[in-house]
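Reader: I would like to go through this model feature by feature. Please give the general idea each time, then the case at hand.

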Amino acid sequence: MFVPDAGPARPVEIAPGAVRVPGWLTAERQRELVTACRAWARGPVPLRHTALPNGGVMSVRTVCLGWHWQPYRYSRTADDVNGARVADFPGWLTELGRAALVAAYGESGEAGGTGPAARSYTPDTALINFYDGAARMGMHQDKEERSSAPVVSLSIGDSCLFRLGNTRTRGRPYTDVRLVSGDLFVFGGPARLAYHGVPKVFPGTAGPETGMRGGRLNITLRETGLTG
Ligand SMILES: O=C(O)CCC(=O)C(=O)O
């Protein structure tokens with residue numbers, strides 16, 4: 001039900017393996033995702049600020065599907081929140097992830113010839129991040145996964161500055177990209193372990209069509225490579 005309409009969305013390569021597809025999600029599909037995210041945020045595990053090992057908390061609020069992420073591992077239960085098992089990863093999100101790889105990389109779904117074909121992409125965790133106007137995400141790598149399959153990232157609501165760095169350091173060189181509501185961003189192949197982050201959200205930049213009252217929603221789909 002979430003397969004995108006054939007439309008004007010054209011992929012733009014930001015770096016080898018890292019592709020933005022502007023406006024990939026229609027307004028209707030953004031609303032459907034917002035509705036689904038509202039339900040997931042109610043439980044069984046609530047949306048929460050993730051506690052960091054240094055005693056701090058992330059400014060972003062997150063809830064997970066399939067596998068629960070906490071610094072720096074995955075588990076089936078949210079042991080750092082309420083101990084509940086996270087909601088299942090739905091089949092329609094797998095389809096959405098596969099369609100995203102085709103939109104970003106073409107029919108083969110291959111990132112630079114090194115990624116899996118789109119039809120075998122089997123994301124099994126989703127991190128749903130909610131940013132209010134002051135929230136940020138520091139530069140980090142997504143490296144708790146054992147699979148090297150691409151990360152699929154969807155943006156809804158307020159625009160943000162997304163920073164795509166290199167695979168060696170948190171610093172330069174990096175490329176800043178403005179992600180707006182409906183954008184798809186995929187990073188795989190040579191970009192799979194690139195540092196990335198969100199230094200800024202631009203409050204009040206979303207239109208009313210998403211059904212959100214403010215803030216930014218980001219959904220990342222990943223293959224953990226874990227079993228059990
Ligand atoms: O919000 C974003 O666009 C990035 C999210 C992210 O980097 C993550 O969940 O690891």
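Author: This is a predicted model. Start with the hairpin of β3 and β4, which has five residues between the two strands. In its turn, G55 has a positive phi of about 95°.

Reader: How should I read that phi, and how are β3 and β4 paired?

Author: Most residues other than glycine have a negative phi. The residue with the positive value in this turn is G55. β3 (48-51) pairs with β4, residues 57-65, in the antiparallel sense over three bridges. One of the partners to look at is A51, which bridges to V57 in β4.

Reader: Which strand does β4 pair with over five bridges?

Author: That is β7 (125-131), and the sense is again antiparallel. V63 has I128 of β7 as its bridge partner.

Reader: Where are the cis peptide bonds, and what is omega there?

Author: Most peptide bonds are trans. Here a cis bond joins G43 and P44, with omega about 10°. P44 sits in the loop between α1 (27-42) and β3. Another cis bond joins R172 and P173, with omega about 0°. P173 belongs to the loop between β10 (159-164) and β11.

Reader: What is the strand order of the open sheet that contains β10 and β11?

Author: It has four strands in the order β8-β13-β10-β11, and the pairing is antiparallel. β8 (137-140) and β11 (175-179) are the edge strands, each pairing on one side only. From one strand to the next, the twist averages 25°.

Reader: How many bridges join β8 to β13?

Author: Two, between strands that run antiparallel; β13 covers residues 196-202. Opposite H140 stands H196 of β13.

Reader: Which residues surround the ligand?

Author: H196 is one of them, along with V198, L127, N129, M137, D142, S153, F162, N218 and T220. By class, the shell has four nonpolar residues, five polar and one charged. To place the shell on the fold, look at β7, β13 and β14 (216-222), each of which supplies at least two of its residues.

Reader: How is the confidence distributed, and where does pLDDT stay under 50?

Author: The average pLDDT of the protein is 94, and 94% of the residues score at least 70. Over residues 1-6, pLDDT stays under 50. For that stretch the model has 15 contacts beyond four places in sequence.

Terms used. Residues are numbered from 1 along each chain as its sequence is written. This is a predicted model: local features need pLDDT of at least 70, side-chain atom pairs count only at pLDDT 80 or more; totals for chains, interfaces and linings use all residues. Two strands pair if DSSP finds at least two bridges between them. Axes are lines fitted to C-alpha atoms, for helices over the stretch in contact, and angles run from 0 to 180 degrees between N-to-C directions. pLDDT is the predictor's confidence in each residue, from 0 to 100. Two residues are in contact if their C-beta atoms, placed from the backbone, lie within 7 Å. A residue is near a molecule or strand if its C-beta atom, placed from the backbone, lies within 6 Å of it. Ala, Val, Leu, Ile, Met, Phe, Trp, Tyr, Cys and Pro count as nonpolar, Asp, Glu, Lys and Arg as charged, and the others, Gly among them, as polar.
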